[in-house]
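Thank you all for coming; I would like to walk you through one structure this morning, beginning with its strands and ending at the residues that a database record picks out. Please have the sequence and the structure open as I talk.

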Amino acid sequence: AEGPWEECFELAVQLALRAGQCWPEAALAPPAGSSFVGGFRLTCPPGLSLQIIRKALSEEKQVSTKTSAADLVTETDHLVEDLIISEMQKRFPSHRFIAEEAAAAGAKCVLTPSPTWIIDPIDGTCNFVHRKALLCLDVATLRSHTQAPKCCVLVRKRQRVLEGKPFCFLRRFPTVAVSIGFAVNQELEFGVIYHCTEERLYTGRGAGAPSAMASGCRSPGRQVGLTRRVSVHFGLRHLSKALVLTEIGPKRDPATLKLFLSNMERLLHAKAHGVRVIGSSTLALCLLASGAADAYYQFGLHCWDLAAATVIIREAGGIVMDTSGGPLDLMSCRVVAAGTREMATLIAQALQTIHYGRDDEK
Ligand code: IPD
């Protein structure tokens, strides 16, 4: 039987894919003109002049800051958020929205019982901003670029395709995502996260969601379809040997940094194997859900970083809780998540609180 929110779920999947696939080359070329080589996208659209590419790239590099010098936003964040919200509003005019860039512009983040979409258009904006684009007139020009040895190797492989044509070569830190959560009666119903560079879709559904909704992890870029459920060998109950993920959060004042580093130190003293920072809260949480890490904690993330990922982790069998050890509060700007309750509790007990306030009080 079809459940009440299945149409919403399908729309979230469509829009996450659409938004995610348009972001990197949005300013460069239509998708039809590009191809993947060894994880790098080479764009050589017919009829597109270098001047247009160059102009678009320089426009795209406009970066602004929000709450701190490390809290970044680009034109693309706004474009993607507007695209997602306008499409959703067309289909579901009575629904409410909590979205990162609207909140940054002053919109209130209040979760009411109404159906509410919770959206992060680009999670990992700092990674997104730090990509480099190399514009080349031809293969010879690129070869003479001494700082790009890896590019040269790839170009050699594609020589026949690229010879005599202008092209653009992008390097990027590969953790950038689109995240869409959906809540009704203040309960999370489903979550959809699209890993833009791996072209991988993570989905999860809440207890009330219909069974027809697909849950799991799929790679639409490779046309694999839904082949792999998020199933995890959760089990580590001790911090020793754990691989723990975290994110720095936007505040960079000395007192906050001291607490951040001392929290890491506490986990390393407890013999955690490693503590990693990848620049995207949502994808770090997806790594936990997929079994690649044992735990995650953070102070300073937001409800749009947490909503979709919480459903995905819970459905995979993991625990998501408050850093006090109590139930998760989506608006509290802090979280601990792990494969087992024991692990989540140990981490919560080890952490010193970093105060970030609440999303619904800003
Ligand atoms: C941020 C990233 C970052 C984390 C912040 C998030 P954004 O999201 O996930 O790694 O430290 O707490 O808000 O700004 O890239 O969407």
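In which sense, parallel or antiparallel, do strand β5 and β6 pair, and over how many bridges? Strand β5, residues 96–99, pairs with β6 in the parallel sense, over four bridges, and within that pairing A99 stands opposite I119 in β6. Please keep in mind throughout that this is a predicted model.

On to the other partner of this strand. β6 and strand β9, residues 177–184, pair in the antiparallel sense over six bridges, and there the bridge partner of D120 is S179 in β9. β6 is mostly covered, since eight of its eight residues count as buried.

That brings me to the ligand. Strand β6, which covers residues 116–123, gives the most to the shell around the ligand, with three residues. There are 16 residues around the ligand, and those that come nearest are D123, T125, E247, S281 and L301. By character, the shell divides into three nonpolar, eight polar and five charged residues.

Next, the annotation. The unreviewed UniProt entry places the feature "binding site" at E100, D120, I122, D123 and D305. These positions span 206 residues in sequence, yet no two of their C-alpha atoms are more than 9.9 Å apart, so they gather at one spot.

Let me take two of these positions in turn. E100 is found in helix α4, residues 100–104, and it is buried, because 25 other C-beta atoms lie within 10 Å, where 20 or more are required. Not counting residues up to four places away in sequence, E100 touches E81, I119, D120, P121, H302 and W304. D305, for its part, has its place in helix α11, residues 303–315, and with 26 C-beta neighbours inside 10 Å it also counts as buried. Leaving aside its neighbours within four places in sequence, D305 is in contact with D120, D123, S281 and T282.

Two of those contacts, S281 and T282, are among the buried residues of α10. Why can we call this helix largely enclosed by the rest of the structure? Helix α10 runs over residues 281–289, and nine of its nine residues are buried, so the rest of the structure largely encloses it. Just after α10, G291 takes a positive phi of about 90°.

Finally, a second region. An open sheet of five strands has the order β14-β13-β15-β17-β16, with mixed pairing. Its edge strands, each of which pairs on one side only, are β14 (274–276) and β16 (319–321), and neighbouring strands of this sheet are turned by 20° against each other on average, direction ignored. Within the sheet, strand β15, residues 295–299, and strand β17, residues 334–338, pair in the antiparallel sense over five bridges, with R334 in β17 as the bridge partner of F299. Helix α12, residues 341–350, lies across β15, β16 and β17, and it runs at about 145° to β17.

If you take one picture away, let it be the spot where the UniProt "binding site" positions gather, with D123 both listed in that record and counted among the residues that come nearest to the ligand.

Definitions and conventions. Residues are numbered from 1 along each chain as its sequence is written. This is a predicted model: local features need pLDDT of at least 70, side-chain atom pairs count only at pLDDT 80 or more; totals for chains, interfaces and linings use all residues. A residue is near a molecule or strand if its C-beta atom, placed from the backbone, lies within 6 Å of it. Helices (H or I, at least four residues) and strands (E, at least two) are DSSP runs, numbered from the N terminus. Ala, Val, Leu, Ile, Met, Phe, Trp, Tyr, Cys and Pro count as nonpolar, Asp, Glu, Lys and Arg as charged, and the others, Gly among them, as polar. A residue is buried if 20 or more other C-beta atoms lie within 10 Å of its own, exposed if 12 or fewer, and partly exposed in between; C-beta atoms are placed from the backbone. UniProt positions are given in the numbering used here, feature names are shortened, and annotations may be inferred rather than shown by experiment. Two residues are in contact if their C-beta atoms, placed from the backbone, lie within 7 Å. Two strands pair if DSSP finds at least two bridges between them. Axes are lines fitted to C-alpha atoms, for helices over the stretch in contact, and angles run from 0 to 180 degrees between N-to-C directions.
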